[in-house]
Every structure is written in structure tokens, then in C-alpha cells.
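Thanks for coming. I will show one structure today and walk through its core, its aromatic pairs and its empty spaces.

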Amino acid sequence: MKKLKKLFISSFIIVGVLVSSINTYALGKVNEIDTITIPNKDIDRAHKDVVYLEDGSYVIVGSVKVTGFNYQAEITKYSANGTLDWQSTYGGTGGESFDAVTVDNDGNLIAVGHTSSASLSPYMAADYDKSASIIVKYDGATGAELAAKCLGSTKADTFSDVIVKDNTVIAVGQAGENSGDFAGLTNNRITAVIVLFDNDSSLTLDQIIELEAADIGYFKGITMVDDNYVLIGEVATTDKDFTISTGDNGGNGDTNVFAIKYNSTFTSTLWSTIIGGTRNDAVSGLTQVDGGYLITGTTVSKDNDFAALAGNYSIGNGFIAKIKDSDGALEWATAIVAAPDVYSYLSSVAIIGDTFMAVGTLDGPVSSGTLTADCLGGYGDILVVTGSVSDGTISTLDSFGGTGYDYASNVKALTDHFVIIGDTESTDETFKDLSISEYTGFIITFKEFGPDPELPNTGETTLSTYTLYTSVVLLGVVYFGVKRKEQQ
């Protein structure tokens, strides 16, 4: 009996080690493409944002070509297996685009963007004269339009992002001036605005809040945490809400990247911060991480927060930065260094654990340390960067695309892999054999990856599972063999 116990103890130790070893093997590289989906290869369309629903279905918004140079805002829902559930467009006599989408507590979808149709805005003298902000609510099950609003001034207006809290829809963007629907603003220049709507049958306008800045400003993104709100944008001033305090590394360029945290009612500012240097900085991506936020964009500054770029003569360097939730202080900023006269931009970022993926575009050679990527022959390709949320260390730097124009607008994190959306007109390299005939939207799904995103897909997981299965079988053989011997 003692021999049997020893055999069991030894066998279970072996099995335990094998079980643990399975979790140390990755299924694939974090930046290894699994599938590429082109929803419609023959339709000219652009993908701007995507939201995944609880049942695995997903909704993509953007624009689609209707006739000639006329594009309308488009919203499309797909089932979890990628089949089309419904599609709807919104527009007038000019052109439209949806730039962001969210889902409310009832499963309805709310999309925001801009229009250049005089038929939708009374403040336009003619189509394409300027732009106005649009917000449209759809039935999530059928795609039926439930409500729509168009807000405009006599200058350019747009909504860039949207979220829902309880029964309030919060859209952020810019107002062109204090006229038209924005006549109550104190600033008579381009102003960053927060617009609150009741989430009712008509999206009743509730309140318009403007950024405290003496010069032009734009809101680009919003997220909610603990009933408070963090917003990002660009501002061409450092006064009022953006007075630089001692020790603030922010600059005073033509435009500066900013982040600002409001309380739950937008009645007070909890903190605000400037990120950048003394030249132009632009922002686009925002995602929440443990204890803070990741922000992405592009910069041509070579000092302050981007002093590491001293001597750089690119047109734009894509960057990722991390700020603290407690006070907005910068933890780290990492720039993807572009070659002279080269442009790179990171439009969106998402995280899984301590791994982030940031995506955007590049039109020439870029680098980060010893890592390099380059354009594949077109005049713009997809830039994909992965790295550590903790310290900003870049682990992979890749370009995807072909000899046409390719652009990634958004990245989302699912349970164990990333998905990016964007637009392409390439028919070779990454998009070869896909029979694309128009500039159109794509969905790229990357492979699932394990605890170590650097490990290649070498089959160790399958081998470990097989070894575990074999060990269990052998354990059974040992048991019955020893048991039979003792009975004899």
C-alpha cells in the first residue's frame, strides 16, 4: 500500500507540473494575424468605430458611398459569426460620417459624427459649406431609427465620441463658434463642448458645457470612471483650466494634448493636464487602465514630454502616454520615432492585462529602439504597436497593408486577443487574394495569446495537452497494475 501511495503522489506531482506548464505557453504572438474580413469588397466605405455586444455580435459605424462624391453615415450590425444582421444609413444632400458608437442599457445604439448636408442643418448656405454635429439613436434589434438630432453653428461643428450614463447621453466634440445651436457659448472661436441629451424618444437636448479655454479647443474622447469623467482633446492655450503649474512638463505649442477630469455632474474640474511640447501635438485614443489611462496621438515636439525626440525632423511621431487617475500626472510617454519627412499617427489603443496594442498609420520608416517598421509600398500603411502598460516598453512594431492606402482607425480588446478595424484599397501584401475592388473597410482579428505575448505559435500548447492526457492514462494504468499486484 505504501508503494501505491508513493506512486500516486509522484504521478500527481508530474500531472500538476504539466497542468502548470500549459499556462506558460502562448497560443500565438500578440501581433500575429488570424483572420481578415472584408464585409463588402465592392462597396466604397470607411470603418471608424466598433462596439461588441454581450452576445458576441458587433456594430461598426463609419461612412458609405451612395452616389458620386456623396457619402452617408453608416451603421451595420453583424452576428457573432460575422453574418449581416442589419444595415442603416443616415444623411442628406451632402455627406456624413459616424465617428463613434455606444450602446445604452436597453440595447439601443447611439452613433455620433458630422454632416455637411444643408438639408439637415439650417446654418449651412450650401452642401459642404461647413459641418454640423449629428447624433442618431437606433433600435439594436432591428436597426430602425428611433431619434436623430443635428446641432450646428455658422462654422464647423462635430461630435467625436459618445457614452451613456443611466438616462443621459453624453456627446463630446467641438462647436465652431457661439452661434446657431451653440449661441450660448462664451467663446466665439472653435470650442470643445460636452453636450448632454435625455435618452428619450427624441434625444431631448439637456445641456451644453464648454471647455474653459481662451483659445481654440476640441474634445476627442471620453470615458467614465467611478461616476466621474475623463476627457482628452487638443487646445491651443495653457490658461484657465490649463494653467501650467510648477513641474508640469506640458508645452505651449500651436496645439497641446490635454486630459481633464470632471466630477459626476460636470460642475467642477478635479484635475487637468497638458501633454506635449512647444510644437504641435495631437490626440485621438483613450483607454482606462489600472490606476490611470493610456492616450495615443502624434507629435512634432522635441522637448518637454518628448525631449527624447531632440534632433528629429519627421512630420509626425506617433506616441503612447500613460497618466495617473489620481492627479493626471504623466507616468511615461513613448514615441515611435519617424524618419525625416515621415508621418506616423496612433489613433487608438486597447489593453489586455499588461499588454497594450496601439494602431494607426505610417507613410515611411519608423523605429523604437532596435525595432523597425516601414511602409509596404503604398502612400500609407497600418501601424501596429504593442508593449507594456506598466512602463511603456515597446515589444513589437509592425506595418500591414499593401501598395494602396491602408489605415487602422480603431482597436478593441476581446478576452484574449485584439481586433482592429479600418480602411484599405490594397489588393496585395496583407490584403492579397481578397478580391477588393473598392476602397473599403476591413476587420483584422489577431490570434489569441497567452501570458507571454512574445512566444510564437509553435504548438507547445497542443503538445502539453497531449502529454497531460497521456500522463492521466498512465496514472490509471499504474493504479490498476499495482492494485492487481497487491490483490495477488
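Start with Ile420. Leaving aside residues up to four places away in sequence, Ile420 touches Met357, Val359, Ile382, Val384, Ala408, Asn410, Val411, Phe442, Ile443, Ile444 and Phe446. Please keep in mind that this is a predicted model.

Ile420 belongs to the largest nonpolar core, which has 20 residues. Which of them touch the most other members? They are Met357, Ile382, Val384, Phe418, Ile420, Phe431 and Phe446. Six strands each give two or more residues to this core: E23 (344-352), E24 (355-362), E27 (381-388), E29 (406-413), E30 (418-424) and E31 (440-446). The most comes from E31, with three residues. There is also a second, separate core of 19 residues, and Val289, Ile320, Trp332 and Val349 are among its members.

For the wider setting, the protein has two helices and 31 strands. Of its 488 residues, 54% are buried. If we take the contacts with a separation of 6 or more, 58% of them are between residues 24 or more positions apart.

Now the aromatic rings. A pair of rings is described by the distance of the centres and the angle of the planes. Searching the whole structure gives 17 aromatic pairs, and I will show two.

One is Tyr58 with Tyr78, which is stacked, at 5.3 Å centre to centre and with 25° between the planes. Tyr58 sits in strand E3 and Tyr78 in strand E4, so to speak of the sequence, they are 20 residues apart, and the pair links distant parts of the chain. Both tyrosines, Tyr58 and Tyr78, are buried.The other is Phe431 with Phe442. Their ring centres are 5.4 Å apart and their planes meet at 45°, so this pair is tilted. Phe431 is in the loop between E30 and E31, while Phe442 is in strand E31, so the pair ties together parts that are 11 residues apart in sequence. Phe431 and Phe442 are both buried. Phe431 was also on the list of core residues that touch the most other members, and Phe442 was among the residues touched by Ile420.

Elsewhere, Trp86, Tyr90, Phe98 and Tyr138 form one aromatic cluster.

Next, the empty spaces. Rolling a probe the size of a water molecule over the atoms shows where empty space is left.

How much space lies in the largest pocket? The value is about 1,200 Å³. Its lining has 41 residues, and those nearest the pocket centre are Asp49, Ala100, Asp161, Asn410 and Lys412. Asn410 is also one of the residues that Ile420 touches. At least two lining residues come from each of E2, E6 (96-103), E10 (158-165), E14 (217-225), E18 (281-289), E23 and E29. E23 and E29 also give two or more residues to the largest nonpolar core. By class, the lining of the largest pocket has 21 nonpolar, 14 polar and six charged residues.

The second largest pocket holds about 230 Å³ of space. It is lined by 13 residues, with Tyr52, Tyr58, Ala80, Leu414 and Thr445 nearest its centre. The elements giving two or more residues to that lining are strand E1 (33-37) and E31. Six of the lining residues are nonpolar, seven are polar and none is charged. Tyr58 is the residue we met in the stacked pair with Tyr78.

What about enclosed space? The structure holds one cavity of 30 Å³ or more, and the volume of the largest cavity is about 40 Å³. Lining it are Arg45, Ala46, His47, Ile60, Val61, Gly62, Glu74, Ile75, Thr76 and Tyr78. Two or more of these residues come from each of strands E2 (45-52), E3 (58-67) and E4 (70-78), and E4 gives the most, with four. The lining counts five nonpolar, three polar and two charged residues. Tyr78 therefore appears twice in this talk, in the cavity lining and in the stacked pair.

Last, a single loop residue. Leu211 is placed in the loop between strand E13 (205-210) and E14. Is Leu211 buried or exposed? Its relative accessible area is 3%, and with the cut-off for buried at under 20%, Leu211 is buried. Its C-alpha atom is 8.1 Å from that of Ile194, a residue 17 places away along the chain.

That is the end of the slides.

Technical notes
Residues are numbered from 1 along each chain as its sequence is written. This is a predicted model: local features need pLDDT of at least 70, side-chain atom pairs count only at pLDDT 80 or more; totals for chains, interfaces and linings use all residues. Side-chain values use heavy atoms; hydrogens and water are left out. On a 1 Å grid over the protein atoms alone, a cavity is a set of points where a 1.4 Å probe fits but cannot get out, and a pocket is an open set with protein on both sides within 12 Å along at least five of seven lines; lining residues have an atom within 4 Å of a point. Grid points are joined across faces, edges and corners, and a volume is the space filled by probe spheres set on the points. Ala, Val, Leu, Ile, Met, Phe, Trp, Tyr, Cys and Pro count as nonpolar, Asp, Glu, Lys and Arg as charged, and the others, Gly among them, as polar. A nonpolar core is a set of buried Ala, Val, Leu, Ile, Met, Phe, Trp, Tyr and Cys residues joined through side-chain atoms within 4.5 Å. Buried means under 20% relative accessible area, exposed over 50%, partly exposed in between (1.4 Å probe, protein chains only). Contact means heavy atoms within 4.5 Å. Rings of Phe, Tyr and Trp (its six-membered ring) pair if their centres lie within 6.5 Å; planes under 30 degrees apart count as stacked, over 60 as edge-to-face and the rest as tilted.
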